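This report is written for a reader who meets the structure here for the first time. Please look over the sequence and the model before reading on.

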Amino acid sequence: MKNNIFQKTSDNFIKFYLEGDLYYEHYLKLIQEAQKIIHLQTYIFEEDMFGVAVINELKQAAHRGVKVYI
C-alpha cells in the first residue's frame, strides 16, 4: 500500500481517506462531478459545516439532473 492506494486492476484502484481536509474535499468533489446517479448509502447528516456542504452539493447535483438516492 502506497499513500493509502490499492491498485486492484490496470483500470481501477481503491484509495482510503480516513478523515481530515483531503477526505472532505474529495467527498464534495465526487458529488460535484457526478453526472448520472449518486447513491449515498451511509451517512449521518449533522448540521455542522461539512454536513451542510454535503446537503448543498446534493441539492445542486439534483438540480443539474443527477438522480440522488440517500
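What span should the 13 residues of α1 have at 1.5 Å a residue, and how far apart are its end C-alpha atoms? The expected span is 18 Å, and the end C-alpha atoms of α1 are 18 Å apart, so the two values agree. This and everything that follows refers to a predicted model.

**Overall arrangement**

The secondary structure of the protein chain comes to two helices and four strands, and, read along the sequence, these follow the pattern β-β-α-β-α-β. Of the 70 residues in the protein chain, buried residues make up 19%.

**The two helices**

Helix α1 has Y27, L28 and I31 as buried residues. Seen down the axis of α1, these buried residues fall within an arc of 90°, and they therefore line one face of the helix. On the face of α1 turned away from that buried side, the exposed residues D21, L22 and E25 are found.

Helix α2 can be described in the same order of topics. For its 15 residues, at 1.5 Å a residue, a span of 21 Å should result, and this agrees with its end C-alpha atoms, which are 21 Å apart. The buried residues of α2 are F50, G51, V54, E57, L58 and A61. Viewed down the axis of α2, they fall within an arc of 130°, so that they line one face of the helix. The face of α2 turned away from its buried side carries the exposed residues M49 and H63.

**Aromatic pairs**

How many aromatic pairs does the model contain? The count comes to five aromatic pairs, and two of them are set out below, with the distance between ring centres and the angle between ring planes.

| Pair | Centre to centre | Angle between planes | Type |
|---|---|---|---|
| Y23 and Y24 | 5.4 Å | 70° | edge-to-face |
| Y24 and F50 | 4.4 Å | 50° | tilted |

The pair of Y24 and F50 links distant parts of the chain, since Y24 lies in helix α1 (residues 21–33) and F50 lies in helix α2 (residues 49–63), 26 residues apart. The rings of Y24 and F50 count as tilted because their planes stand at 50°, and that class takes the angles left between the limits of 30 and 60 degrees.

Is each of these residues buried or partly exposed? Y23 counts as partly exposed because its relative accessibility is 23%, and Y24, with a relative accessible area of 35%, is partly exposed as well. F50 is buried, with a relative accessible area of 12%, which falls under the 20% limit for that class. Taken as a group, Y23, Y24, Y27 and F50 form one aromatic cluster.

**The largest pocket**

Which residues lie nearest the centre of the largest pocket? They are Y23, H26, Y27, L30 and L40, and they belong to a lining of 13 residues. The elements that give two or more residues to this lining are α1 and β3 (37–39), and α1 gives the most, with five residues. By residue class, the lining of the largest pocket divides into eight nonpolar, four polar and one charged. The volume of the largest pocket is about 250 Å³.

Two residues tie these topics together: Y23 and Y27 belong to the aromatic cluster, and both are also among the residues nearest the centre of the largest pocket. Y27 is, in addition, one of the buried residues of α1.

Technical notes: Residues numbered from 1 in each chain as written. Predicted model: local features only at pLDDT ≥ 70, side-chain atom pairs only at ≥ 80, totals over all residues. Heavy atoms only, no water. Phe/Tyr/Trp six-rings, centres within 6.5 Å; stacked < 30°, edge-to-face > 60°. Buried < 20%, exposed > 50% of the residue type's maximum accessible area, 1.4 Å probe, protein only. 1 Å grid on protein atoms, 1.4 Å probe; cavity = no way out; pocket = protein on both sides within 12 Å on 5 of 7 lines; lining within 4 Å. Points joined across faces, edges and corners; volume = space filled by probe spheres on them. Nonpolar A, V, L, I, M, F, W, Y, C, P; charged D, E, K, R; others polar. Expected span 1.5 Å × (residues − 1). Arc of directions from axis to C-beta.
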